[in-house]
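User: Please take a close look at the helix packing in one chain of this model, and set it in the context of the sheets and the contact between the chains.

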Amino acid sequence: MENLRELYQEVILDHNKNPRNFRKMEKPDGFAHGTNPLCGDQIDVYLKLTDGIVEEISFDGHGCAICTSSASMMTLALKGKNEAEAKALFKSFHHALTDDAPHPEDVPLGKLKVLAGVKEYPVRVKCATLAWHTFDAALKKLQGDITTE
Amino acid sequence: MNNIAQYDVESIRADFPILGKEIHGKPLVYLDNAASSQHPVQVINAIKELYESGYSNIHRGVHQLSQDATKAYENGRASVRGFVNADCVHEIIFTRGTTESINLVAQSYARPRLRKGDEILITHMEHHSNIVPWQIVCEQTGAELKVVPISDKGELEMDRFAELLGERTKLVAVGHVSNALGTVNPVKEIIDQAHALGVPVLVDGAQAVPHIPVDVQALDCDFYAFSGHKIYGSSGIGVLYGKEKLLNEMPPYQGGGDMILSVSFEGTTYNTLPYKFEAGTPNIAGAIGLGAAIEYVQKIGLGAIAAHEHGLLEYATSKLKQIDGLRIIGEADQKAALVSFVLDTVHPHDIGTMLDAEGVAVRTGHHCAQPVMERFKVPATARASFAMYNTFKEIDVLAESIHKTIGMFA
């Protein structure tokens, strides 16, 4: 079990126990509901954008430690980013978890690097990326709303 | 007690090659039997022998191999008949599994009979495969699905069953043993009450046949469905038992080869039972393997297996109950060999990964029974399910691993 420390690092366990920005947001600009039917993880992501910049982001729901801590860290990483930066970060994060090939265009992951251990547990990659996919869906919905107006 | 004393679990384990495997450097502790059980050499060899020296298509050729394969396949059917004590061999239909068996009954029995306003009665603890086929047929016919609730202990509320069962009820479909809770349902009582109103009953026996002796004639059930891979056979083979009269009244489920007597463009004459429901080349090796699996179970004795597993269940229940922050989901008085549980501080998915590191294989998730999860207000559970080859020592490893898991997440 000790070798699982690579996966369940202290930072991850801490974010799991005390998730940051863990709350429902009143009147968000963007919102999406994400589920992982395999394990029953459910996450809602809420965001407020100002001039295309993530001004506020929060989440609630329930999930495993990997899912919860990844969502928590995502909210910290995305705050203040514009849409292009957010998408680039998601892409780079996804590469780090799934792909051995070098991607020169990838941006630095900063504190998110702690989740890279998930790569060794392919069935858990979905746990780590659920919040990101949900964020992406919220963003897309928002863009959809904007274009229909 | 004699049975337990004579029960030689080590010699049984020696028959299952995979049990000698190591996972992450630890001896495998396989406690995911409710998802799929492992295979004894007797089953592996039956399938190996078929492919090495007896394989051909069946019911087709006049050549020797085809005759041999046909005989072996039909011997599998005969083993199943004896195992569930069906009246005749042609009441045993080979399917891909419990799911296909239930879909067959939904489409071939229920669909032509159901009208708007009719009802199908199921229970809150059904596996998705005993919910969704009925939802589909309800959509097709305008019939309505009614659900018998369950208590906090995880038992059916039988007074509610009696209330819900009525003139509109055209079929009752109930699991014999719940895959998520372990509850053994009073199927005999359910069948008797339904029959008193002339309502036929389908029993989903996927979780029952490896653990409980089943006699379809004593139960008087109209349909009984189960899968090969939960009773030491391979995946992709399953069984539908149906009463001859009902099966004869039903149209074929699928069209194709083997289910016909003659085909012309003016019309087709369907084959007799059981072939009417076995369109296309079936899972020949699966049927032969299932026959071997049943013979193996019969050799050990289902009574002795049930007694051993009951001992494991009681031991595991008492061991797990001693763990702070652990809650067992499903505490019915009558339970089969599984324990579903949640921890206050660790999500089931993390429990699964942590236990795996100790070589312990459990299932985590909603167990294809999301209404059960919702009933007990949990997103998922971890489930340890036992088979004839599990040992008390393995349960010690499980408990120890749960302690370690809690420690790591503290």
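Analyst: In this predicted model, Leu312(B), Tyr315(B), Ala316(B), Lys319(B) and Leu320(B) of H12(B) meet a set formed by Phe392(B), Ile395(B) and Ala399(B) of H15(B). By residue class, this contact between H12(B) and H15(B) comprises 7 nonpolar residues, no polar ones and 1 charged. The two helices span residues 302-321 and 392-409 of chain B, respectively, and their axes lie 10 Å apart at an angle of about 25°. Because angles under 35 degrees count as roughly parallel, H12(B) is described as roughly parallel to H15(B). The crossing of H12(B) and H15(B) is right-handed.

A second helix pair in chain B can be described in the same terms. Helix H4(B) packs with H11(B), residues 284-300, at an angle of about 40°, and 8 Å separates their axes. That angle makes H4(B) oblique to H11(B), and H4(B) passes H11(B) in a left-handed crossing. From H4(B), the contact draws on Ala69(B), Ala72(B), Tyr73(B), Asn75(B), Gly76(B), Arg77(B), Ser79(B), Val80(B) and Phe83(B). Their counterparts in H11(B) are Ile284(B), Ala287(B), Ile288(B), Leu290(B), Gly291(B), Ile294(B), Glu295(B) and Gln298(B). The residues of this contact divide into 10 nonpolar, 5 polar and 2 charged.

H4(B) also leads to the sheet of chain B. There, 7 strands form an open sheet with mixed pairing, in the order S4-S10-S9-S8-S7-S5-S6. The edges are taken by S4(B), residues 92-95, and S6(B), residues 144-148; each has a single partner strand, so one side of each is left without a neighbour in the sheet. From one strand to the next, the twist averages 20°. Within this sheet, S8(B) (residues 201-204) and S9(B) (residues 223-227) pair in the parallel sense over 3 bridges, and Val203(B) stands opposite Tyr224(B) in S9(B). Helix H4(B), residues 64-84, packs on the sheet and touches S4(B), S9(B) and S10(B), the last of these covering residues 238-242. The direction of H4(B) makes about 120° with that of S4(B). H4(B) thus touches strands of the sheet and also packs with H11(B).

Chain A has an open sheet of 3 strands, in the order S1-S2-S3 and with antiparallel pairing. S1(A), residues 30-36, and S3(A), residues 53-62, stand at its edges with a single partner strand each, so one side of each is left without a neighbour in the sheet. The twist in this sheet averages 20° from one strand to the next. S1(A) is joined by 7 bridges to S2(A), residues 41-50, and the two run antiparallel; Gly34(A) stands opposite Ile43(A) in S2(A). Helix H2(A), residues 65-78, packs on the sheet through S2(A) and S3(A), and its direction makes about 170° with that of S3(A).

Where the chains meet, 16 residues of chain A and 16 residues of chain B take part in the contact. The side of chain A that touches chain B consists of 10 nonpolar, 5 polar and 1 charged residues.

As to confidence, chain B has a mean pLDDT of 96, with 99% of its residues at 70 or more. The model scores are ipTM 0.87 and pTM 0.93.

Terms used. Residues numbered from 1 in each chain as written. Chains lettered and ligands numbered in written order. Predicted model: local features only at pLDDT ≥ 70, side-chain atom pairs only at ≥ 80, totals over all residues. pLDDT = per-residue confidence, 0-100. Contact = placed C-beta atoms within 7 Å. Nonpolar A, V, L, I, M, F, W, Y, C, P; charged D, E, K, R; others polar. Axes fitted to C-alpha atoms, helices over the stretch in contact; angles between N-to-C directions. Helix = DSSP H or I, 4+ residues; strand = E, 2+ residues; numbered from the N terminus. Parallel < 35°, antiparallel > 145°, perpendicular 65-115°, else oblique. Left-handed = near helix turned anticlockwise from the far one by under 90°. Pairing = 2+ DSSP bridges.
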